[in-house]
Amino acid sequence: MRRFSNSKWIPYIYLSPFVILFIVFGLYPMLFSAWIALHSWELGTSFHQMEWLGLANFEYVLTDEWFYHALYNTLWLGLAAGIPQHLIALPLAALLFRMASKKRHILLCFYFLPFITSSVAISLVFCSLFSRDFGLLNQVLAGIHDWKLAGIQPLSWLFPEQAINWQDSSHIRWVIAFVVFWRYVGWNTLLYFSAMKTIPNELFDAATLDGAGFWQQLRHVTLPTLRPMILLALTLSLIGSFQLFEEPFILTSGTGGSGQAGQTLAMYLYSTAFAEGDFATASATAWLLFIILFSLCNLTRRINQKDYL
């Protein structure tokens, strides 16, 4: 028993379940994706029917206008939903940090609830809220438009008379951005709040003695100290925006909306693989998505190293 416990193979035996699972469900699919990205292959056909294409699939994706359209939508949603998240989450976390322990824990639970709720359930709820004919939002807007005061409608000029088609290309991106913002602002608040717990109280006490108010402490004490967490949160938001799929897919009923205004890169990849059956081109798209994300994350790391923030 002692000889077995001192065996040099014991660590590898404990690691073997993870290594096996990683190779089967992680490394092998990744390498296989890279391999079929260089071939012509469709689901349901034999591997022997693969035809070597080299970089032709990558060239096709890079010359496809819908790829750039989906890239633009992804970047637009990342900025429209991501920037407000952090602009609100930072001061919100600072306010929670100054509250009594019992109150802030209750509020944090409410703020964090959308993040742990199923994205499919959230998207379905907002899909019904933004419905053109039966949505609650259009009914509220119509009620405000028809509201009368002394026989006149003072707000009729401000609110539309007709029901708004939220699936229209001019609205759908804003709807998706709002849903993503609502879901993840609590997550970022929790991240910043957790990081604020590591800031020494002496810094806040010294700032208070110097006459610094809430916003001065946030700017000169909290933000410089939270720089590593801010960069981490921004990186996570960046990665999440490029992986955005469930919300736009359900809100647009899988079509991408009018004029594909709500189609993200993840939806473009999905439609290429499962709607068109072209897994080779979809794999090339996935690797291009990886290259873009890797480059942007590396840029974030360089910004941190060069002390821009």
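This is a short walk through the packing, surface and backbone details of one predicted model.

**Cores**

Start on the inside. The largest nonpolar core is built from 24 residues, and Y192, F193, M196 and L226 have the most contacts within it. Five elements each put two or more residues into this core: α4 (65–98), α8 (172–196), α9 (201–209), α10 (214–225) and α11 (227–242). Helix α8 gives the largest share, with seven residues.

M196 is a handy residue to click on here. Leaving aside residues up to four places away in sequence, M196 touches L90, A93, A94, F97, T222 and L226. There is also a second, separate core; it has 18 residues, including F130, I164, W166 and A177. As a general backdrop, nonpolar side chains in soluble globular proteins tend to be buried together.

T285 is another one to look at, sitting in helix α14 (residues 279–305). T285 counts as buried because its relative accessibility is 2%, under the 20% cut-off. Setting aside residues up to four places away in sequence, T285 touches V61, F67, Y268 and L269.

**A greasy stretch on the outside**

Now for the surface. A nonpolar patch of about 1200 Å² is made by L15, F18, V19, I20, L21, F22, I23, V24, F25, L27, M30 and L31. One of these, I23, is in helix α2 (residues 10–36). With a relative accessibility of 42%, I23 counts as partly exposed.

**Charges and cysteines**

How many salt bridges does the structure hold? Just one. R183 pairs with E247, and the closest N and O atoms are 3.2 Å apart. The two partners come from distant parts of the chain: R183 is in helix α8 and E247 in helix α12 (residues 246–251), with their positions 64 residues apart. In general terms, side chains of opposite charge can pair when their charged atoms come close.

Are the two partners buried or exposed? R183 is buried at 11% relative accessibility, and E247 is buried too, at 1%. Both get that label because they fall under the 20% cut-off.

As for disulfides, a search of the whole structure finds zero. Among the cysteines, C127 is partly exposed at 25% relative accessible area, and C297 is partly exposed at 23%.

**Loops and odd backbone angles**

The loop between α12 and α13 (265–275) holds S253, and Q260 has its place in that loop as well. What is the phi of S253? S253 has a positive phi of about 55°, although it is not a glycine. Q260, also a residue other than glycine, has a positive phi near 55°.

P200 belongs to another loop, the one between α8 and α9. The C-alpha atoms of P200 and A142 are separated by 52 Å, with the two residues 58 apart along the chain.

Here is how these three loop residues come out on accessibility:

| Residue | Loop | Relative accessibility | Class |
|---|---|---|---|
| P200 | between α8 and α9 | 39% | partly exposed |
| S253 | between α12 and α13 | 60% | exposed |
| Q260 | between α12 and α13 | 22% | partly exposed |

S253 gets the exposed label because 60% is over the 50% cut-off. Q260 is partly exposed because its 22% lies between the 20% and 50% cut-offs, and P200 at 39% is partly exposed for that reason too.

Terms used: Residues numbered from 1 in each chain as written. Predicted model: local features only at pLDDT ≥ 70, side-chain atom pairs only at ≥ 80, totals over all residues. Heavy atoms only, no water. Disulfide = S-S within 2.5 Å. Buried < 20%, exposed > 50% of the residue type's maximum accessible area, 1.4 Å probe, protein only. Core = buried A, V, L, I, M, F, W, Y, C linked by side-chain atoms within 4.5 Å. Helix = DSSP H or I, 4+ residues; strand = E, 2+ residues; numbered from the N terminus. Contact = heavy atoms within 4.5 Å. Patch = residues over 30% accessible without salt bridge, like charges linked within 9 Å, V, L, I, M, F, W, Y side chains within 5 Å. Areas by Shrake-Rupley, 256 points an atom, 1.4 Å probe, with all protein chains shown as cover. Salt bridge = Lys/Arg side-chain N within 4 Å of Asp/Glu carboxyl O.
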